[in-house]
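Here is a short tour for anyone at the bench with a sequence and a fold to make sense of. Keep the 3D view open and follow along.

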Amino acid sequence: MKKSVFLGTLAFAGLAAGAAAAATLDDVKARGKLNCGVTTGLVGFAAPDANGVWEGFDVAVCRAVAAAVLGDPTAVEFVPTTGQTRFTALASGEIDLLARNTTWTFSRDVDLKFEFVGINYYDGQGFIAPRELGVTSAKELDGATVCIQTGTTTELNLADFFRSNNISYEPVPIETNAEAQQQYLAGACDVYTTDASGLASTRATFENPADHVILPEIISKEPLGPLVRHGDNEWGDIARWTLNALIAAEEYGVTSANVDELAKGTDNPEINRLLGTEGNLGEMLGLDNQWAVRAIKAGGNYGEVFEKNIGENTPIGLARGLNAQWTDGGLLYAPPFR
Ligand SMILES: N[C@@H](CCC(=O)N[C@@H](CS)C(=O)NCC(=O)O)C(=O)O
């Protein structure tokens, strides 16, 4: 008797979990739009262009997911979030996906109950200072005022770094990157600290970028990646494998230019499974077999997205570094498409 009640409860819990698991995909399809959380603006990563159209390296993740799920990379409602508001926006269901240079940490994953679906940029925290200050190392910053975005890992790492080096600082808390930029340029703080990619982006918008130096210390690991709510594994799978599809596409030489041609079939079984001419991976995701073709066409493979938005030929000027493919000495490594 007891046993059957117990089993009944389990069966019910199973059904409830099944219903929850389908929720985000169904919601997105019913709405016809993906609600994607991004920054309030970080050039190269996420910012509206002159026509108000969002573009950037993180924006590309939103567009690829929208293309995979809805067949339209423009079917995205971009929701600007700050370091403080991003997690509430995701937890409350205001957004379906957060793609906003967010560091994958234990407590965000486990305690805040999110699911990081991968890493789209391996980063670390750095410092920028006016050249005229003559500082050559972060260890010389004893007593400095430091502009810092609240609600970030940056805040916590800064405290750790100064404490372990036995030096002191005065934080100047700010909410957005735009505010940081303004305060820093106005001299409200001696230095600005954030993810090194954010520093490169910020410096690129300065009138005289060469008047500012990025100090040599990288004081933390900041694996940045998109995340979804914990507990909706079906939706998490879609986001995870869309990002993996962009990474794998680069590894296999599938680009926005040749994807249509390769989607007719190739001699490479992995490419065929990725592009849906062999197997039924799309169906396993609850999508169709062209999902990855559409994701890749949206903004190109990972390498194309990188080069177009933040690469060495853009004002941001970031080298691939750790973000090169594993076959090129980097850390990018998509699990097998099989
Ligand atoms: N990766 C860190 C920091 C993220 C962060 O807030 N970065 C800043 C500077 S790179 C940013 O995105 N600012 C854009 C904005 O203010 O909307 C975290 O996850 O806590």
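## A word on terms

Helices and strands here are DSSP runs, with at least four residues for a helix and at least two for a strand, and they are numbered from the N terminus. With that naming in hand, G300 is a good place to land: it sits just after α12 and takes a positive phi of about 95°. Please bear in mind that this is a predicted model.

## The chain as a whole

The chain holds 13 helices and 14 strands. Its C-alpha atoms fill a box of roughly 65 × 60 × 40 Å along the principal axes. A compact globule of 338 residues would have a radius of gyration near 20 Å, and the value for the chain, 22 Å, agrees with that.

How much of the chain is buried? Buried residues make up 51% of the 338. The accessible surface comes to about 15,200 Å², and carbon and sulfur atoms account for 54% of that area. Among contacts with a separation of 6 or more, 71% are between residues 24 or more positions apart. As for charge, the chain carries 24 positive and 43 negative charges, and their mean positions are 7 Å apart.

## Two nonpolar cores

The largest nonpolar core has 60 residues, and within it L34, W235 and L275 touch the most other members. Elements giving two or more residues to this core include the helices α1 (2-31), α2 (57-70) and α8 (233-251), along with the strands β1 (34-38) and β4 (76-80). Further along the chain, α10 (269-274), α12 (291-299) and α13 (302-309) do so too. Helix α2 provides the largest share, with 10 residues.

L275 is worth a click. Setting aside residues up to four places away in sequence, L275 touches V254, V259, L262, A263, N289, Q290, V293 and I296. A second, separate core has 16 residues, A129, V135, V191 and L215 among them.

## Helix α12 and its cover

Which residues of α12 are buried? They are W291, A292, V293, A295 and I296. An α-helix has 3.6 residues a turn, so residues three or four places apart point the same way. The cover over the buried residues of α12 includes α2, α8, α9 (259-262), α10 and α11 (281-284).

## Buried residues and their partners

T145 belongs to strand β9, residues 144-149. Its relative accessible area is 18%, so T145 counts as buried, the cut-off being under 20%. Beyond its neighbours within four places in sequence, T145 is in contact with E170, V172, A188, C189, D190 and V191.

G236 is found in helix α8 and is buried, at 0% relative accessibility. Its C-alpha atom is separated by 6.3 Å from that of V117, although the two are 119 residues apart along the chain. The contacts of G236, again leaving out neighbours within four places, are with E115, V117 and V228. In helix α7 (residues 196-204) you will find T202, which is buried at 2% relative accessibility. T202 is in contact with L42, N177, Q181 and Y192 once neighbours within four places are left aside. The C-alpha atoms of T202 and A178 are separated by 8.6 Å, with their positions 24 residues apart along the chain.

I316 lies in the segment after α13. Is I316 buried or exposed? At 8% relative accessibility, I316 counts as buried. I316 and A200 are 116 residues apart in sequence and 5.5 Å apart in space, C-alpha to C-alpha. Not counting residues up to four places away, I316 touches V43, G44, A200, S201, A204, N309 and I310.

## Positive phi outside glycine

Two loop residues deserve a look at their backbone. K113, in the loop between α4 (106-111) and β6 (114-116), has a phi near 60°, a positive value in a residue other than glycine.

N166 is placed in the loop between α5 (153-164) and β10 (169-174). Its phi is positive as well, at about 60°, although N166 is not a glycine. With a relative accessible area of 73%, N166 is exposed.

Key
Residues numbered from 1 in each chain as written. Predicted model: local features only at pLDDT ≥ 70, side-chain atom pairs only at ≥ 80, totals over all residues. Heavy atoms only, no water. Core = buried A, V, L, I, M, F, W, Y, C linked by side-chain atoms within 4.5 Å. Buried < 20%, exposed > 50% of the residue type's maximum accessible area, 1.4 Å probe, protein only. Contact = heavy atoms within 4.5 Å. Rg over C-alpha atoms; globule rule 2.2 N^0.38 Å. Areas by Shrake-Rupley, 256 points an atom, 1.4 Å probe, with all protein chains shown as cover. Lys, Arg positive; Asp, Glu negative; His and termini not counted. Charge placed at Lys NZ, Arg CZ, Asp CG, Glu CD.
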